[in-house]
Amino acid sequence: MPALSDTEMGGTIDAINDLPTDVFYHDRNDLEKRLVRKLDLRLSVILVLYTLNMIDRSNVSNARLQGFEEDLHLEGQQYATILSILYIGFIVIEVPGNMFLHWLERPSIFIPSCMIVWGAISVSIDPSYTGVLVARLFLGFAEGPFLPGALFLISGWYKRDELATRTALVSSGILLSAAFGSLFASGILQGMQGVLGQAAWRWLFYIEGGITILVAICAIFVLPDFPHNTRWLTPEERALAISRLEEDGVGKPGKQSTMQGLWDAVSDWKVWWFSVAFMFQYIAQCFFAYFPTLCATLGYDTTTTLLLCAPPWAFAAIVAFALTWYSDKKQKRYKYYLVSNAFGTLAYIISIFTMNKAARYISMFLMAQLIAGYLVLWGWANNTFAREPAKRAVAIALMNAMGQIGNIVGSYAWPLNWGPTYRYSYVVSIAAMAVSTVMFGGMYVYLKHLNEQIERDERNAKDVKELHFPTGFRYLV
């Protein structure tokens with residue numbers, strides 16, 4: 001369906017806003033609810049895509065329990081290097097990837113194409129240290145554009161008080177991959193050893209990579225693009241999708257060039273502040289990549305260990321949806337992130353001071369729920385840079401790219417010789433979390449001050465044209 005011209009769009013928007021209240025089916029509120037339901041259904045496919053993304057990314061962690069290190073003859077920090085080299089591609093490609101997506105305006109093509117590439121890399125991986133290292137490097141370049149692109153896509157459809165819940169919806173692939181990816185891996189690792197002369201961990205790569213390619217092809221026909229160029233919207237839905245974002249203070253596509261968005265993002269100190277804070281938060285959460293190893297410290301066999309990985313992430317999924325939903329309802333961000341970090345810190349402290357199986361397993365539930373605060377953070381970041389799409393595209397990518405530095409550092413914070421207690425690893429995590437919490441706290445204080453200044457400007461302004469922000473605009477804090 002072709003996009004509407006500016007004149008046609010303006011007329012349709014006015015018609016929607018002026019619809020008679022006694023016409024139920026065409027009432028704006030009813031139309032908006034139907035539009036949001038349609039979007040939720042379409043964009044929920046990102047949940048599946050992100051689940052596959054995280055499964056492909058973490059299959060090395062599961063393979064470690066079934067002879068991966070022995071078969072590749074890994075020594076010292078070589079396993080940590082295999083983990084960390086992935087993030088080099090993330091750091092390099094994420095900003096250019098989102099700039100390209102902003103220019104292309106076709107996430108329905110761009111995101112699945114990236115998936116097909118990383119699925120092909122996973123299937124063709126060479127079973128040697130050098131082969132895996134090279135494959136993981138290129139895997140980072142293929143996977144890097146996915147999360148910033150997905151976050152940019154949903155921020156182009158939802159209002160600011162809808163974003164945290166939708167971010168949780170599409171990002172809960174982290175939770176599903178951690179929970180069900182371990183169950184899936186346990187079946188492959190237990191039943192595929194020696195089939196066609198291949199090690200079970202190699203079958204893990206083959207099967208997961210093949211599924212990724214098939215799902216990516218299907219996703220091309222399901223994913224939307226943006227409100228102004230998505231073909232399956234009616235003219236009425238398209239106009240409403242655009243107008244409701246403009247009313248919420250989200251910029252209209254096309255006002256900024258991609259290069260102007262780059263300049264505006266890199267020259268905004270708030271983007272860099274968020275980026276560095278995310279870097280420390282990623283260090284604090286790097287236990288994600290070692291979760292099967294931490295479960296293995298409970299002393300069970302490989303299959304049982306992988307099965308034990310699932311319940312903490314199922315619990316984390318419940319907490320994530322509850323916390324992000326409540327965060328959207330109350331239109332608050334930092335306080336809910338703070339609560340999540342407090343429970344995460346408690347989990348680390350428990351793990352430092354005891355090797356009791358029950359206590360350590362309970363602490364894993366509290367660690368896993370850190371993902372809930374992380375998703376609230378992404379909702380907050382999207383809200384803070386909501387006004388200009390070009391700037392938002394670069395800001396999201398830059399924050400996540402800088403965060404990957406934390407993943408590189410964190411990959412070396414869990415050496416085997418620190419196990420099975422991993423006390424020093426937990427101390428590193430607590431220290432990093434303290435820094436990120438303080439930094440995000442500083443941003444919270446600043447944005448509150450900025451909101452007070454906006455309120456004063458609105459009271460004192462004689463003309464709306466004097467305002468730097470749309471009337472009623474406030475940063476969510």
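Ile88 is partly exposed, with 39% relative accessible area. This value belongs to a predicted model. Ile88 lies in helix H5 and is part of a nonpolar surface patch that also takes in Val92, Val134, Phe138 and Phe141. Together these residues have about 420 Å² of accessible area. Both H5 and helix H7 (129-143) supply at least two residues of the nonpolar patch. The largest share, three residues, comes from H7. Ile88 can belong to such a patch because its 39% is over the 30% relative accessible area asked of patch residues.

The end of H5 leads to Arg106, which is placed in the loop between helix H5 (78-104) and helix H6 (107-123). Arg106 is also partly exposed, at a relative accessible area of 24%. Apart from neighbours within four places in sequence, Arg106 is in contact with Leu101, Asp225, Asn229 and Arg231. Phe226 is 120 residues from Arg106 in sequence, yet their C-alpha atoms are 7.6 Å apart in space.

Thr167 offers a contrasting case of exposure. This residue is in helix H9 (residues 163-171) and counts as buried because its relative accessibility is 0%, where the limit is under 20%. Beyond its neighbours within four places in sequence, Thr167 is in contact with Leu151, Ile154, Leu375, Trp378, Gly379 and Asn382.

One of these contacts, Trp378, leads to the aromatic residues, as Trp378 is also a member of a cluster linked by ring pairs. The other members are Phe274, Phe278, Tyr282, Tyr334, Tyr337, Tyr374, Trp380, Phe385, Phe440 and Tyr444. The model has 37 aromatic pairs. One of them joins Trp380 and Phe440, with 6.1 Å centre to centre and 45 degrees between the planes. The pair counts as tilted because its angle is neither under 30 degrees, as for stacked rings, nor over 60, as for edge-to-face ones. This pair links distant parts of the chain: Trp380 is in helix H20 (residues 370-384) and Phe440 in helix H22 (residues 423-460), 60 residues apart. Trp380 and Phe440 are both buried.

Aromatic rings also take part in two arrangements with charged side chains. The ring of Trp232 has the charged end of Arg42 over it, 4.3 Å from the ring centre. Likewise, the charged end of Lys357 sits over the ring of Tyr300, at 4.7 Å from its centre.

Terms used. Residues are numbered from 1 along each chain as its sequence is written. This is a predicted model: local features need pLDDT of at least 70, side-chain atom pairs count only at pLDDT 80 or more; totals for chains, interfaces and linings use all residues. Side-chain values use heavy atoms; hydrogens and water are left out. Helices (H or I, at least four residues) and strands (E, at least two) are DSSP runs, numbered from the N terminus. Buried means under 20% relative accessible area, exposed over 50%, partly exposed in between (1.4 Å probe, protein chains only). Contact means heavy atoms within 4.5 Å. Rings of Phe, Tyr and Trp (its six-membered ring) pair if their centres lie within 6.5 Å; planes under 30 degrees apart count as stacked, over 60 as edge-to-face and the rest as tilted. A charge sits over a ring if NZ of Lys or CZ of Arg is within 6 Å of the ring centre and within 35 degrees of the ring normal. Patches are made of residues with over 30% relative accessible area and no salt bridge: like charges are joined within 9 Å, nonpolar side chains (Val, Leu, Ile, Met, Phe, Trp, Tyr) within 5 Å. Accessible areas come from the Shrake-Rupley method with a 1.4 Å probe; for residues, only the protein chains shown count as cover. A salt bridge is a side-chain nitrogen of Lys or Arg within 4 Å of a carboxyl oxygen of Asp or Glu.
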